[in-house]
Amino acid sequence: MSPWQVSSLQFLASKIGGRRSTRKGRQGRKDCKGRSVSALSSWLVLQAAFALPFALADSAVAGPAAPANLRCEYLTNPLGIDVTQPRFAWVLEHSERGETQSAYQVLVATSAENLSRDQGDAWDSGKVASDDSTQVAYAGKALESGHRYYWKVRTWDKGGAASAYSQPAWFEMGLLSAGDWKGEWIGGANQLRTEFNLAGPVMRARATIAGVGYYELHINGARIGSSVLDPAWTTYEKRVLYATYDVTPYVQSGANAIGVMLGQGWFASRALRFQLDVELADGRHFQVQSNTSWKARNGPVVSDSVYNGEVYDARLEAPGWDRSGFDDTAWGAAASVPGPQGILSAEMMPPIRNVDTLVPLSMKSPKPGVYVYDMGQNMSGWAELRVRGPRGAAVKMRFAELTYDDGSINRDNIRAAKASDTYILRGEGDEVYEPRFTYHGFRYLEVTGYPGTPSLDSIRGRVVHSAVEPVGSFVASKQILNQVQRLIRWSQLTNLFGIPTDCDQRDERQGWMGDAQVTAEEATMNFDMAAFYTNFVRDIRDIQASDGTITDTVPHRYGSRPADPAWGTAFPLICWTMWQQYGDRRILEENYESLKKYVEFLRSRAPDNVLRYSYYGDWVAIEHTPGELVSDAYYYYDVEILRDIAAILGKSADSQAYAQLADQIRTAFNQAFLDSRTGTYANGTQTADALALFLGLVPHDHRGDVAEHLTNDITYGHNTHVTTGFIGVKVLMPVLTEIGRSDLAYELAVQTTYPSWGYMVENGATTLWELWENKRGPSMNSHDHAMFGSVGAWYYNALAGINVGADGAGYRHIRIEPQVVEDLHWVSATVETIRGTVSSSWTRSPGEITLDVAVPVNSDAKVVVPKEDEMTAVTVREGDRVVWENGQFVPGDPGVTGASAAHGNFTFEVGSGHYAFRLTGE
Ligand code: BGC
């Protein structure tokens, strides 16, 4: 074994072991079957390193383990939800392979005591014969505003053995009807306060707050919650998000005070609607509501703007303003303000948070009094400043993605955004400041006006974005892929601010739908996007007009109505992604009529079945593709998705009608754009051919020609480089894999000269650029756009081979089919899916390919073990058993139910469990 193999395998083992060690140890089935790890060959010892954490943690419990990772509406113990039939999900574990759930029982109780006595007084599903372990909808008594419900679940395995009940989980309802809101919209200044008295000890207290643009809530001197830039941006005329906080520990018998700071955010004004519901120990209820009896005064935030930044004058602070007994006689009365018109809706997704803090790499002084910090990473958020100095001194921080050669900051590309925070000192000892109501996209920041000389410790970078959980990991033997993966993750995260944004730095930061649709798959492989996209799809529905049109950006601020068709596709495609990744049938049901309206609008613009209107087409392409081709292809895509959704929902007449429409569009598309002489589409760009191939638009007898034209264009026409924009590149990579040219896709993926992802890495990028070009200057050239990160989905799908299988929505059926290409020696990837861990790790060495996979309980997989072309006399082992020999499947290995050989690969059908395949040959 060569040294790289040992070290990489050890790295893999530690990586995978590290991740998996948090899981239960029931899949160490080598041990369950009584085999001795020590007796295995040295190869198997290394393989066992993958499984070691399971083996070590293996408990004696056989059969189905208690369900774990209980979620409600995709959230863990959510507080303040307003879905009246929330959906439950759990993850199963089992000591045996090939296990499924045959039945479940969910109990929902109104108290923890009832639940512990197994009394589901709100809902007892009874034993339901079903393999659903996600999307199980509550079907009990009507859920009441403000009530907490406790739930647990047990399951039966395929043989009928029952698990223990899960640990209890809970969910708590928010305010379910408009009438539950007693407070009124108030404003008048950016700081509001009130005091109240409680006549006894507190049992329970909930604060419900809608504060737009942004709020910061304080009770009795304490800042409540860890959300920032809350609530998420919505179409305020339609929907305003509110948050619920458990503030029981913060309120007390006797005098109390509430203080709220308001920022303008995207609302561009300030309004607060608030209520506090307190239950005293003696059972009495007490409520505080926002009204004009509150006091108002402008505080230390002198100005705030998302694009421009914040000016904070610490001399205007009023110490104690958020505590009782504060003298507010100089404050005015809060004003009654109109407030946004939208309905109040619970924020049911990960809030925006300060998720990390970066220490600057360096501080340099290009000019006297000017200090430039390098965070070492292009990031979204702001800086925390530490300073000591005279009262009234003003420290200014200006943010930039780039520097000039002399080390000073280069802000040419952020256009009109002033991206600048100013702190005016109160002049008392050490002062620490970070802004509240703005954010910036930056790697560098300039400090001026600092009293004395700042140090590295004067600045910290506060990384801020929607706090979605990472669920995926991808690592490969080719370093450039890992470097690009890092860029993809950073670009994706720094562009999640309640909505998916295009960029985080310039005067834009919009929910551009084209960017959202191309990145959705990548995002769901890397992060838990279920709740985030559930909200975003509602955002899209909120801006739909009665004629079915939607807009380029959501909420709609930039761009047009109707949306460019390749942008509008975000609506059907993100619904479809929710179905594929999470098995979310409800999102299909809820949006079906709206999707239909959207498609019917498109149809109204395509009387001859060719949809021609287009604004952006294959945006930021190197070679231009006619916009009409792009629009028409996406029209077809939308109709196909609608056809499939109709079929899933049992609307067979619709499904047939849209299948027919799709046929008509396909015919018209080929008439309009296919040049059957040259075997290419329109002007023969990579995007034109790739879109047609990807969508199955190419007539059968031309597929070979078009595929050849495409690959020739890449290889000979452009020396193995892409010429697409961000629309084309999303489909180019999977198309190359589909036509059997993963090798070529791989060459593009690891390319390091212009234009390529690697070129960005080679030129020092720490997030993905908006353009393939390494551009600076006052033109459009953001250095943090997520859209080229769409290739991240291909990393998982093709290089690691992790795919949702046919008719396998929500990973019910999985397909593991890694592409073993070129000089790639190993890949290891894991996705924590809605049903549990799916992983695929492969290695190759002369005469041998290994493939380790994990399939969650209640799922199954087709596992394609690849073979090097030249290998003959192939044997496949799984663990220490032979499963394929002499051209035949060898049955008997638990969990492996069948196998077949085709195209030189071996496909094994497996149930749940952890499998270590090893293919050897000559
Ligand atoms: C955005 C893009 C967006 C485009 C629409 C740009 O300004 O940054 O990412 O999709 O406009 O053409």
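How far is an oxygen atom of the ligand from an N or O atom in the side chain of W567? I looked this up first and got 3.1 Å. I count a polar contact as a pair of N or O atoms within 3.5 Å; within protein, one must be able to donate a hydrogen and the other to accept it, and residues adjacent in sequence count only if both atoms are side-chain atoms.

A note to self on the ground rules. This is a predicted model, where local features need pLDDT of at least 70 and side-chain atom pairs count only at pLDDT 80 or more, while totals for chains, interfaces and linings use all residues. Residues are numbered from 1 along each chain as its sequence is written, and side-chain values use heavy atoms, with hydrogens and water left out.

**Ligand site**

I then checked other polar partners of the ligand. An N or O atom in the side chain of H785 is 2.8 Å from a ligand oxygen atom, and a polar side-chain atom of E770 lies 3.4 Å from a ligand oxygen atom. The protein covers 96% of the 310 Å² of accessible area that the ligand has on its own (Shrake-Rupley method, 1.4 Å probe).

Next I listed the residues around the ligand, meaning those with a heavy atom within 4 Å of it. They are D502, R506, E508, W512, D515, W567, Y616, W619, F726, E770, H785 and M787. By class, I find six nonpolar, one polar and five charged residues in this shell. Here Ala, Val, Leu, Ile, Met, Phe, Trp, Tyr, Cys and Pro count as nonpolar, Asp, Glu, Lys and Arg as charged, and the others, Gly among them, as polar.

**Helices 5 and 6**

I looked at how helix 5 (residues 479-493) packs on helix 6 (residues 513-526): the angle is about 100° and the axes are 11 Å apart. That makes helix 5 roughly perpendicular to helix 6 (65 to 115 degrees). Axes are lines fitted to C-alpha atoms over the stretch in contact, and angles run from 0 to 180 degrees between N-to-C directions. Helices are DSSP runs of H or I with at least four residues, strands are E runs of at least two, and both are numbered from the N terminus.

Q485, I488, R489 and Q492 in helix 5 meet T519, E522, A523 and N526 in helix 6 (heavy atoms within 4.5 Å). The contact has two nonpolar, four polar and two charged residues.

**Backbone oddments**

I found a cis peptide bond joining R561 and P562, with omega about 0°. P562 lies in the loop between helix 7 (530-543) and helix 8 (565-568).

Key: Parallel < 35°, antiparallel > 145°, perpendicular 65-115°, else oblique.
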